[in-house]
2 protein chains.
Amino acid sequence: MRKSPQFSQAIRAWMDVFMHRSMHGWSQFAKSIGLSMQQFGILMQLHHRGGCGVSGLSEHFDITNAAVSQLVDKLVQGGFIRRDEDLHDRRAKILNLTDKGQELIQRGIEERYRWVDALAEKLTVEERAKVSEALMILTETVREEGVTSR
Amino acid sequence: MRKSPQFSQAIRAWMDVFMHRSMHGWSQFAKSIGLSMQQFGILMQLHHRGGCGVSGLSEHFDITNAAVSQLVDKLVQGGFIRRDEDLHDRRAKILNLTDKGQELIQRGIEERYRWVDALAEKLTVEERAKVSEALMILTETVREEGVTSR
DNA sequence: GCATAAAGTTAAGCCCGCTTAACTAAAAAG
DNA sequence: CTTTTTAGTTAAGCGGGCTTAACTTTATGC
């Protein structure tokens, strides 16, 4: 327990506050546009892993291909995603966000950022600098080291 | 746009990484103990706003009292929460986590913290100090100012 | 080439969450 | 004291997500 209780304390407090806001915010947003969290989750996943097949999603969400296929169906009908052909494997489909899908996610992200920007305005210039540096450190560390924890 | 693009950049990058991990982690955890996200959400809400009535929850989640009542039913049957009497208003119930419920949430939170602790170990001592300070600043700001964003 | 495996879709069926509507019980308003 | 409001529950019914099972189409291994 010598690994800096202060650090643990700090990051846990922040997680509490942040998670709570974000989770609620996302689910409100999804509901506001008439999407379930699962459907929205698929859009999010496509947003930041880029196009992938049905199997990729079913693995990530730990549900069957059939389930994904059905969810995808609704999203295709809604015009949020496209089923593109895979040129190298004619069995496979590559799922991609349409422009409409992209814009939607972008809008959601912007909304989520708003309170954080409001937060920024309460900080002094130095505080902002400190926070920026710290978050960059964290983000880099996660990305580089790929802290899996799984 | 003069309000520090660097700050925005930093916090957005972190949000991306963090949100993704956390959302996924929570839903896996809920599923692993056989609870839906909605049910789990109720437990979470009770966990950190403390006991409250049915109406409080229905307002927060923006669903009807009937829906909450039914969800609560399952959680009561599962032994996660209790319907206590309100001494000042005999119509009302006060919903509280049981010990089992408390432990469950606590365990979930601990699991969520694990990857963040793993992350801490990749940092140098100075980095940890910087990050601690920054997160304390953020958390305090949110809590004090109550940045609502709503 | 032929058997087997893999990617995806479709349909039937189940459970779940949610809503509306009808109801009970208690508090507040007059 | 009666009327109206408020807190909560119950039941019927709808739509959604997920699974299993059966099927089509394309790749792969021998």
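Which helix gives the largest share of the surface near DNA strand C? Helix 4 of chain A does, with 6 residues. Keep in mind that everything shown in these close-ups comes from a predicted model.

**View 1. The protein surface around DNA strand C.** Here 26 residues surround DNA strand C. The closest come from both chains: A:Gly53, A:Ala66 and A:Ser69 on one side of the list, B:Ser36 and B:Ala66 on the other. Chain A puts two or more residues into this surface from each of helix 3 (54-61) and helix 4, and chain B does so from helix 2 (37-49) and helix 4. Sorted by kind, the surface near DNA strand C holds 8 nonpolar, 10 polar and 8 charged residues.

**View 2. The protein surface around DNA strand D.** Now look at DNA strand D, which is surrounded by 26 residues. A:Ser36, A:Ala66, A:Arg90, B:Gly53 and B:Ala66 are the closest of them. The elements that give two or more residues are helix 2 (37-49) and helix 4 (65-77) in chain A, plus helix 3 (54-61) and helix 4 (65-77) in chain B. What supplies the largest share of the surface near DNA strand D? That would be helix 4 of chain B, with 6 residues. By kind, the surface near DNA strand D splits into 8 nonpolar, 10 polar and 8 charged residues.

**View 3. Where chain A meets chain B.** In this close-up, 44 residues of chain A and 45 residues of chain B take part in the contact. On the chain A side, the elements giving two or more residues are helix 1 (5-32), helix 5 (99-120) and helix 6 (125-145). Helix 6 of chain A brings the largest share of that side, 16 residues. The side of chain A that touches chain B is made up of 24 nonpolar, 8 polar and 12 charged residues. Why can we say that the copies meet through the same surface? Because 100% of the interface residues of chain A are interface residues in chain B as well.

**View 4. The axis that relates the two chains.** Turn chain A by 180 degrees, with 0.0 Å of shift along the rotation axis, and it superposes on chain B with an RMSD of 0.1 Å. This is how a two-fold axis relates two copies. Which residue of chain A comes closest to the rotation axis? A:Ala134 does, with its C-alpha at 3.1 Å.

**View 5. Helix 1 of chain A, end to end.** This helix has 28 residues, so at 1.5 Å a residue it should span 40 Å, and its end C-alpha atoms are indeed 40 Å apart. The buried residues along helix 1 of chain A are A:Phe7, A:Ala10, A:Ile11, A:Trp14, A:Phe18, A:Trp26 and A:Ala30. A handy rule when reading such a list: an α-helix has 3.6 residues a turn, so residues three or four places apart point the same way. After helix 1 of chain A comes A:Gly34, with a positive phi near 75 degrees.

**View 6. Helix 5 of chain B and its bend.** Helix 5 of chain B runs over residues 99-120, 22 residues in total. From first C-alpha to last it reaches 30 Å, close to the 32 Å expected at 1.5 Å a residue. Where does helix 5 of chain B bend? The bend is at B:Arg114 and amounts to about 30 degrees. The buried residues in this helix are B:Gly101, B:Leu104, B:Gly108, B:Val116 and B:Ala120.

**View 7. A:Val72 and its surroundings.** A:Val72 sits in helix 4 of chain A. Is A:Val72 buried or exposed? It is buried, because 20 other C-beta atoms lie within 10 Å and 20 is enough to count as buried. Beyond its neighbours within four places in sequence, A:Val72 is in contact with A:Ile42, A:Val54, A:Ile81 and A:Leu95. A:Leu57 is 15 residues away from A:Val72 in sequence, and their C-alpha atoms are 10.0 Å apart.

**View 8. Asp62 in both chains.** Most residues other than glycine have a negative phi. A:Asp62, though not a glycine, has a positive phi near 60 degrees. A:Asp62 lies in the loop between helix 3 and helix 4 of chain A, and it is exposed, with 11 other C-beta atoms within 10 Å. Over in chain B, B:Asp62 also has a positive phi, about 60 degrees. B:Asp62 is placed in the loop between helix 3 and helix 4 of chain B, and its 11 C-beta neighbours inside 10 Å make it count as exposed.

Terms used: Residues are numbered from 1 along each chain as its sequence is written. Chains are lettered from A and ligands numbered from 1 in the order in which they are written. This is a predicted model: local features need pLDDT of at least 70, side-chain atom pairs count only at pLDDT 80 or more; totals for chains, interfaces and linings use all residues. A residue is near a molecule or strand if its C-beta atom, placed from the backbone, lies within 6 Å of it. Helices (H or I, at least four residues) and strands (E, at least two) are DSSP runs, numbered from the N terminus. Ala, Val, Leu, Ile, Met, Phe, Trp, Tyr, Cys and Pro count as nonpolar, Asp, Glu, Lys and Arg as charged, and the others, Gly among them, as polar. Two residues are in contact if their C-beta atoms, placed from the backbone, lie within 7 Å. Copies are superposed by least squares on the C-alpha atoms of residues with pLDDT of at least 70 in both. The expected span of a helix is 1.5 Å times one less than its number of residues. The bend at a residue is the angle between axes fitted to the seven residues ending there and the seven starting there. A residue is buried if 20 or more other C-beta atoms lie within 10 Å of its own, exposed if 12 or fewer, and partly exposed in between; C-beta atoms are placed from the backbone.
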